[in-house]
Amino acid sequence: SDGGSVVSFELDGDKPRAFRFLNALQLVDISNNLGDSKSLNPPATTTHSKLPQADRNRLGISDGLVRLHVGLEDALAA
């Protein structure tokens, strides 16, 4: 009951696998815009793309990390 609306998880693999997963979603809109309430493309390619790989690894931001905003989708519009 205290959870937020963002769910993060890691997919085994790399950026292409994360994008294949996100592109296969039918109810969730993926966004590149941080000012939007849509789910974001993998952080390694958006919010943290300027960080060196070693720094992303240290912070736990793998190429397979995916963040989804849950509860904002309109199931009737899908």
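1. Helices and strands here are DSSP runs, numbered from the N terminus, with at least four residues for a helix (H or I) and at least two for a strand (E). On that basis Arg-67 belongs to strand β4, which spans residues 65–69. The model is predicted, and the remarks below should be taken in that light.

2. Overall layout. The protein chain contains two helices and four strands. Read from the N terminus, these elements follow the order β-α-β-β-α-β. Of the 78 residues in the chain, 28% are buried.

3. Confidence. The mean pLDDT of the protein chain is 77, and 68% of the residues reach at least 70. Among the elements, α2 has the highest mean, 93, while strand β2 (residues 30–31) has the lowest, 64. Where pLDDT is low, the predicted coordinates should not be read in detail.

4. Arg-67. Which side chain of opposite charge is nearest to Arg-67? The nearest one is Glu-10, at a distance of 12 Å. Arg-67 is buried and has no salt bridge. Because a salt bridge needs a side-chain nitrogen of Lys or Arg within 4 Å of a carboxyl oxygen of Asp or Glu, a separation of 12 Å does not qualify. The side chain of Arg-67 does make a polar contact with the side chain of Thr-47, at 3.4 Å.

5. Thr-46. This residue sits in the loop between β3 (39–40) and α2 (53–59). Is Thr-46 buried or exposed? Its relative accessibility is 19%, so Thr-46 counts as buried; the cut-off for buried is under 20%. The side chain of Thr-46 comes to 3.3 Å from the backbone oxygen of Pro-42.

6. Nonpolar core. The largest nonpolar core is made of six residues, namely Leu-11, Ala-18, Leu-22, Val-28, Val-66 and Leu-68. Two elements, α1 (15–24) and β4, each give two or more residues to this core.

7. Val-28. One of the core residues, Val-28, is placed in the loop between α1 and β2. Val-28 counts as buried because its relative accessibility is 18%. Val-28 and Leu-68 are 40 residues apart along the chain, and their C-alpha atoms are separated by 8.0 Å. Both residues are members of the core named in the previous point.

8. Leu-65. This residue is in strand β4, and its relative accessibility is 13%, so Leu-65 counts as buried. The C-alpha atom of Leu-65 is separated by 7.4 Å from that of Ala-18, with the two positions 47 residues apart in sequence numbering. Ala-18 is one of the residues of the largest nonpolar core.

9. Aromatic pair. How many aromatic pairs are there? The count comes to one. The partners are Phe-9 and Phe-21, in an edge-to-face arrangement with 5.7 Å from centre to centre and 90 degrees between the planes. Phe-9 is in strand β1 (residues 6–10) and Phe-21 in helix α1, so the pair ties together parts that are twelve residues apart in sequence. Neither ring residue is classed as buried: Phe-9 is partly exposed at 25% relative accessibility, and Phe-21 is partly exposed at 29%.

10. Salt bridge within α2. Side chains of opposite charge can pair when their charged atoms come close. The count of salt bridges is two. One of them joins the side chains of Arg-58 and Asp-55, at 3.7 Å from N to O. Both partners lie in helix α2, three residues apart, which is about one turn of the helix. Arg-58 is exposed, with a relative accessible area of 61%, whereas Asp-55 is partly exposed at 26%.

11. Salt bridge of Asp-63. Asp-63 pairs with Arg-56 in a salt bridge whose closest N and O atoms are 3.9 Å apart. Is Arg-56 buried or exposed? With 5% relative accessibility, Arg-56 counts as buried. Arg-56 is thus a buried arginine with a salt bridge, while Arg-67 is a buried arginine that has none.

12. Arg-17. This residue is in helix α1 and counts as partly exposed, at 41% relative accessibility. Arg-17 and Asp-63 are 46 residues apart in sequence, and the distance between them is 9.0 Å, C-alpha to C-alpha. The salt bridge of Asp-63 described above is with Arg-56.

Methods:
Residues numbered from 1 in each chain as written. Predicted model: local features only at pLDDT ≥ 70, side-chain atom pairs only at ≥ 80, totals over all residues. Heavy atoms only, no water. Buried < 20%, exposed > 50% of the residue type's maximum accessible area, 1.4 Å probe, protein only. Lys, Arg positive; Asp, Glu negative; His and termini not counted. Polar contact = N/O pair within 3.5 Å; in protein donor to acceptor, adjacent residues only side chain to side chain. Core = buried A, V, L, I, M, F, W, Y, C linked by side-chain atoms within 4.5 Å. Phe/Tyr/Trp six-rings, centres within 6.5 Å; stacked < 30°, edge-to-face > 60°. pLDDT = per-residue confidence, 0-100.
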